[in-house]
Amino acid sequence: MRVTLHKITKRFGSTGALEGVSLEINDGELLALVGPSGCGKTTLLRVVAGLETPDSGDILFDGRSVLSVPPERRGVGLVFQNYALFPHMTVFHNIAYGLKFAKNLPVSVPGRVRELLKLMGLEGLEDRMPSELSAGQQQRVALARALAPNPNVLLLDEPLSALDAKLRERLRVEIKKIQRAFKITTLYVTHDQEEALAVADRVAVMSVARIEQVGAPTEIYNAPATEFVARFIGRGNLLQGRVVRCDREELVLSVGDGFIRTRADGSLWVGQAIAVLVRPERIRFDRYADNILMGTVVGREFAGDALWLHIETAAGVLVVKADAAQSTIADGDAVQIGFSAADVWVVTDRRLPSTPSR
Amino acid sequence: MSARKWGGEQALLALPLLFLAIFFYGPLVNLLRQGLTRDGAPSLDFIQAVLTDDYFQHVILFTLAQALLSTLASIALGLPLAYLLVHYDFPLKRVVRSLTIVPFVLPAITVALGFALLFGRTGYLNRFLMGLFELSEPPLPIMYSLTGIVLAHAFYNAPIITRAVHAAWERLDPRYEESARALGASRFYIFKDITLPMLLPGVLSGAALVFIFCFLSFPIVLSVGGGRFSTIEVEIYTRVVTRLDPQFINYKIGAALALVGLVISLGMTYFYVRLQGEFARQVEHVRPRPTVPLFRGVRDLFRPTRLVLFLYVLVSVVLFLGPILAVVADSLWEDTPAGGRWTLRWYSYIFAPDYEALLGDSPLQAIFNSIGFGVAATLIALPMGMVFAYVIARLRWRGQRLFDALLMAPLATSSIVVAFALLQTFNAPPLRLVGTASAVIIAHAVIIFPFIVRALVPVWENLDFKLVEMARSLGASRLRALREIELPLLAGGLLAGAVFAFALSLGEMSATLMLARPGLNTMPVAVYRFLSQHALGAPSAMSTVMIVVSAVAFIVLERWGERALKRL
Amino acid sequence: MLRRVALVALLSGLVLAWGDSLAQVGEGSKLVVYTYESFVAWGPAKFIKTEFEKQHPGLEVEFVAAGPSRAMFARLVNETISGGTPADLFLGEINDVPRAKKFGLFAPITPQEIPNLQFVPQELLLDPDLTIVPYEHGFITLVYDSTKLQPQELPKTFEDLTKPQYRKKLIVQNALTSSVGQSFLFWTIFNYGDGKYLEYWRRLLPSILTIQPGWSAAYKLFTKGEAPMVVSFSTDACFDARYQPLLLNSQGYRTIFGASVVKSTDNPKLAREFINFLLSVAVQEKLPDTEVMFPANSQAKLPERWRTCAVVPSEPVMIPLNYVAEHADRWLEEWARLVVTGR
């Protein structure tokens, strides 16, 4: 089932939750919708579910508009952050609930429930009440309940936010696995960019009421289209600078008191204010690089497998992800760092104030 | 909520407990032990007499049956209003919501008056229908019937259901219903499978309370029932208060009946307290539910679901507003040989400072008395209620629910029994109170105090105890934390509780009638007195004053502290 | 802690004291008269209070009428048993006197103490101890609304009254709380006998619209038009000619209202003076117009129109008080059970 959202606008009072949002979720694809809280991503999910009616725009399932189809007949599976397991029903009855309304079931209701219990590793829990389950088990029951009636589309609204970090990591792998097994078109809403990158086939990043960028996780990470995406996704050094040289060979910007070289980009001109992104893991303690900066260590975070260093340079304070083996570096040490021009990504954000000089 | 054990601070409990012991438990035991003794020796003879006699079995069963029917009727009428308030927008919605509490504080005598004026054989409704359909006989035989009793009880108590369910519904996470909807459930199944079961603790706790009130109802059964129906309370009243035999057999049977009734209503109170506990633990913070306008245009009149809602609105307007409007209309009307005319003479009569032999004082004095007694009773009951609410909300120990139920025992005791017990106990030295204002104030304080507890328990529960712990860690003493942290945060709830208590005191009649002497009349007592007079407009005018006073109080309160009011 | 407890206790005491001061009645000599509500609502209470207080400067007469006469009687008994009553006098119906005697509520009176008693006919003096001194009397009958029922439609006997055509046409009073209701019950017992009166009531119940706690409430519903017949007095047409007496079996049940001195009174002498005043011509001549009853004092002149509007039944009936004394408790119990269960 391919889901198409076409110029969806939804306003609550005078505040717009969605402003002309268009988005495509391909058949069998897991698309993660990520953005800060209040950006409208949950509203978008609710529009797809039919729980909110858009003020304008259209929603198509396999090319057919479902605007007039009520949620109970849209065939969507829904998992909320708090799971909303019916507290007065057992696990079995929770999972079986949607089957009550399903037509032409290929198997019996208990058979289908058992199937899902097995798939989710929930066997033996069918007579428990939701309050007697661990958070992880509750999450799985919620997923099983949503999947039981064989929905066309799976909608997950912050499905892992209520869990602790370790469990979250484990379950996101499971969700991905199950989604693959069912080959079900899935919209996965989360505020956690790391989770989005880890789980999705494609990621859509939302800021306020708008989608900023849609793309594969690597594309989103390595080539953020806007300053917002660059800031929101991953850890990075976003540096504001001004173009001082722009020719066919290279692009040079002044950043703070230093200069940074990057690959040529014909669309820019001298004097323009732009932002560039350098990922921490691309910065090395290397003398032979396109960009060399001298600096002083002003902060360090030990993270087990890595060492994060804050280094004050002429271009500002940069975060560097170093090998944990280099843990001998101490606060106040003078260091030399470098990175290649190819690792400097120019964020071409039209909304940046740019004043052509000449 | 932070559960704590007994500690020094709970010594505060001593004073209100002492008050209740002296003015409630003591007199009550004094009355009830009559049912457990024969010729001075302990005996179950009278209990047995009550439980084995055909007639008393009939009375007990009827009491239970009418309470059950009234509770069901209250649910049937109260639930849709809660639905309406949760799901729809309509003009004056906030005012309607705050006014739902008004019927509950009206004196039974006013409700009975309104019912007689509206539903009587010559009442507005029957006359209207007779004119409309050219009937020779009144079509609605509501007065002097079980239907009338049940409807009058529903008038009183449906708002309790509405308020309890409305509160529960607003706290119910809409995502449960949305999940069910996404799973394919239609509105009907969502309501049946999800909403209703999840609202059940709210509905049941409201229903338990309603059941207790209907079980104890006394003036409604007598006046709307028209003398052909007897409940345990009516029987206690007639046995103990009016059927006097020098051998005290009736007195003892009445006491035994009171004991049986108290066991049943205390059982329900225990059930209610438990449910309240369940309910409190269910609190979830959820986003407000979306609402839609109730009436979007003339075309709505042809949609079946809206049509059903409109019909419900019509029925409830007749049932809830009808009796009140009938009283108001009657207070402005004067029958004359020429047919009748609008008049203000009843108002000039009740506001006149002239001596009225019927009252032993002026009607104006009755208004002042009501306000004075109300303020005094509230001043006594409010601190007591605060302490008990604190104990119920904050402390946990074994058998605590039982203790809670016992604290709430005045709720399970009719005002007739409270007043009669006081009359029996405090009509002799060392403490001779009968006939004094103190007796009336004490009776009012005992009667209103459980309602204050009820209003304040959620207020205490919603207050984060960590705030107090934080204040104390910063060096504030416990009392200082109470004064500077808790009381300011509780102010809204306290005010709501105080206004509610005051309104209940204004409406109290049965106990006042039994304990007060001339010169100590209150507004409802004046209504009762005027009713025995030939001039019909005066009781309606006095009732209208009461209705307006409590309505204005609740509307003002709503503007001031909407959240606090909702919890009542 | 103790200080705070004491403080709160003190405050509560102050609140109560303030409450008491709200309605403080002036000190001085006071005569408390318990009576039924209609005596105060319609009756000569206001006139009596004004005149008697005028005769006795510094005295205050306080009428307490918190209900129908039998309810007030019960209040008096309850107060007396539990420690004492503030009442000095009681105005009530004669059928409660046997009960009052069992409780020893009222003080006996000698004829010499009440000079006006000489004008009261012997037939009204049913209590040899004079614990009740009659001040007015009348006859319980049915009363009908002449605009609702035509003369040919009226029931003539107790039996007629049970016919289906009178379904829900009658309002009666509760015999437990109202003396009028009690008299009506006794009247049926007079006619059907101890053995059969219950069976009669069983058949009568469908004709009854409602059983009201007292005469006042019943009569108001009647005049509002809720039902065309009510149990009331044979003199009612004198109040409003629209409401005519209806003598079942050509009878009327005699009812006598009298004043009693409460034994515990601090003012036995004044109480007797009050009764004498009650029997004075000035007060007695007020009774026909206010109470719509016959005065007990034969010297009192009846209004001219009473010659026609006041009906004296050809057969006044009454169950002897000693018989009432013996059986009333059982009758009331049986009757109360019957009206509730219908069995």
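In chain A of this predicted model, Val205(A) sits opposite Gln213(A) in S10(A). The strands behind that pairing are S9 (residues 202-206) and S10, which run antiparallel and share four bridges. Follow Val205(A) the other way and a second partner turns up: Val34(A) stands opposite Val205(A) in S9(A). Here the pairing is parallel, with four bridges joining S3(A) to S9(A).

Strand S3 (residues 30-34) of chain A also has a partner in strand S8 (residues 185-190), again in the parallel sense, over five bridges. Within that pairing, Ala32(A) has Tyr188(A) as its bridge partner in S8(A). How buried or exposed is S3(A)? Five of its five residues are buried, so the strand is largely enclosed by the rest of the structure. Leu30(A), Ala32(A) and Val34(A) point one way from S3(A), while Leu31(A) and Leu33(A) point the other way. That fits the usual pattern, in which side chains of a regular strand alternate between the two faces of the sheet.

Put together, these strands belong to an open sheet of six, ordered S6-S7-S8-S3-S9-S10 in chain A, with mixed pairing. At the edges stand S6 and S10 (211-215) of chain A; each has a single partner strand, so one side of each lacks a neighbour in the sheet. From one strand to the next, the twist averages 15°. Helix H4 (residues 135-147) of chain A lies across S6 and strand S7 (153-157), and runs at about 165° to S6(A).

Stepping back to the whole chain, chain A has eight helices and 19 strands. Its C-alpha atoms fill a box of roughly 70 × 50 × 35 Å along the principal axes. Of its 358 residues, 40% count as buried. Among contacts in chain A between residues at least 6 apart in sequence, 65% join residues at least 24 apart.

Now to the other chains. Which chains share the most contacts? Of the two pairs that touch, chains B and C have the most. Their contact takes 60 residues from chain C and 50 residues from chain B. On the chain C side, helix H1 (residues 2-22) supplies the largest share, ten residues. That side divides into 32 nonpolar, 15 polar and 13 charged residues.

The contact between chains A and B draws on 17 residues from chain A and 15 residues from chain B. Strand S6 (residues 76-79) of chain A gives the most to the chain A side, with three residues. By type, the chain A side comes to twelve nonpolar, four polar and one charged. S6(A) thus turns up twice, as a contributor to this contact and as an edge strand of the sheet. Chains A and C, for their part, have no contact joining them, and their closest C-alpha atoms lie 44 Å apart.

The largest nonpolar core has 399 residues, and those with the most contacts inside it include Val48(A), Ile212(B), Leu422(B) and Leu89(C). Leaving aside residues up to four places away in sequence, Leu422(B) touches Phe23(B), Pro27(B), Ala439(B), Ile442(B), Ala443(B) and Leu515(B).

In chain C, helix H8 (residues 268-278) has buried residues at Leu270(C), Ala271(C), Arg272(C), Phe274(C), Ile275(C) and Leu278(C). The buried residues of H8(C) pack against several elements of chain C, including strand S1 (30-34), helix H3 (45-55), strand S5 (133-145) and helix H9 (281-284).

Conventions
Residues are numbered from 1 along each chain as its sequence is written. Chains are lettered from A and ligands numbered from 1 in the order in which they are written. This is a predicted model: local features need pLDDT of at least 70, side-chain atom pairs count only at pLDDT 80 or more; totals for chains, interfaces and linings use all residues. Two residues are in contact if their C-beta atoms, placed from the backbone, lie within 7 Å. Helices (H or I, at least four residues) and strands (E, at least two) are DSSP runs, numbered from the N terminus. Ala, Val, Leu, Ile, Met, Phe, Trp, Tyr, Cys and Pro count as nonpolar, Asp, Glu, Lys and Arg as charged, and the others, Gly among them, as polar. A residue is buried if 20 or more other C-beta atoms lie within 10 Å of its own, exposed if 12 or fewer, and partly exposed in between; C-beta atoms are placed from the backbone. Two strands pair if DSSP finds at least two bridges between them. Axes are lines fitted to C-alpha atoms, for helices over the stretch in contact, and angles run from 0 to 180 degrees between N-to-C directions. A nonpolar core is a set of buried Ala, Val, Leu, Ile, Met, Phe, Trp, Tyr and Cys residues joined through C-beta atoms within 7 Å.
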